[in-house]
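Me: I would like to go through this protein slowly, asking at each step how a term is earned. Could you look at it with me?

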Amino acid sequence: MLLDVRPILYAPGKRLAFQFEMDLSDADISQPVAVEGMVRNTAGLLELELEARAVLNLTCDRCGKAFSREKAILYRCTLAEEVQNEDSDEIVLLEDGKVDVGDLARTAFILGLDTKNLCSEDCKGLCPRCGADWNLGPCSCKKEPDPRLAALGKLLENK
């Protein structure tokens, strides 16, 4: 979504709000992502702030259960017609007084996704032998001793 900021470009104190939904089904996000934000002209400096929010359908990386969780990403940057200071933080250049907020929101949301998804902070996962869900209780597998301690176990057997 291209946003034309020319109406506030040279008007300190003015604001320009925006709101839209984007489809990220190509990135395995089935629900639409709602984006809302604002561009502010503060003493001639254009500051963009947006929030992208969606309900994600996920699978726990430890136990394999399907669950849903809301994810919200905040993104801020400065908009400029040209770069004057190379050391500045996040600066996005305007093209003919416009900025592609859809692309900014898409990139920020995808980069803000978690690399590991857990159904709960204390998820215990699955037994690597029998596949039992340790969140429901212990499994019936006999625990094997640590192979590094096998020599000590043999000493105890001899007595």
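Reply: Let us begin with the words helix and strand, which here stand for DSSP runs, of at least four residues for a helix and at least two for a strand, numbered from the N terminus. The model is a predicted one, and in it the protein follows the pattern β-α-β-β-β-β-β-β-α-α when read along the sequence. Its totals are 3 helices and 7 strands.

Me: Why is threonine 78 called partly exposed?

Reply: Threonine 78, which lies in strand 5, has a relative accessible area of 22%. Buried would require a value under 20%, and exposed a value over 50%, so threonine 78, at 22%, falls in between and is called partly exposed.

Me: What is threonine 78 in contact with, once its neighbours within four places in sequence are left aside?

Reply: The residues in contact with threonine 78 are then Leu45, Leu46, Glu90, Ile91 and Val92, where contact asks for heavy atoms within 4.5 Å. With leucine 46 there is also a C-alpha to C-alpha value: threonine 78 and leucine 46 are 5.8 Å apart in space, although 32 residues separate them in sequence.

Me: What makes a group of residues a nonpolar core?

Reply: The members must be buried residues of the kinds Ala, Val, Leu, Ile, Met, Phe, Trp, Tyr or Cys, joined through side-chain atoms within 4.5 Å. The largest such core here has 36 residues, of which Leu48, Leu79, Val99 and Phe109 touch the most other members. At least two residues of this core come from each of several elements, including helix 1 (6-9), strand 5 (66-80) and helix 2 (101-111), while strand 4 gives the most, with 7 residues. In soluble globular proteins, nonpolar side chains tend to be buried together.

Me: Which residues is valine 99 in contact with, leaving aside its neighbours within four places in sequence?

Reply: Valine 99 is in contact with Met1, Leu2, Leu3, Val5, Leu48, Leu79, Val92, Leu94 and Leu104.

Me: How do you know whether the whole protein matches a compact globule in its radius of gyration?

Reply: A compact globule of 159 residues would have a radius of gyration near 15 Å, whereas the protein has 26 Å, and the two values do not match. Along its principal axes, the C-alpha trace spans about 90 × 35 × 25 Å.

Me: And what share of the 159 residues is buried?

Reply: Buried residues make up 30% of them, each one having a relative accessible area under 20%.

Key:
Residues numbered from 1 in each chain as written. Predicted model: local features only at pLDDT ≥ 70, side-chain atom pairs only at ≥ 80, totals over all residues. Heavy atoms only, no water. Buried < 20%, exposed > 50% of the residue type's maximum accessible area, 1.4 Å probe, protein only. Rg over C-alpha atoms; globule rule 2.2 N^0.38 Å.
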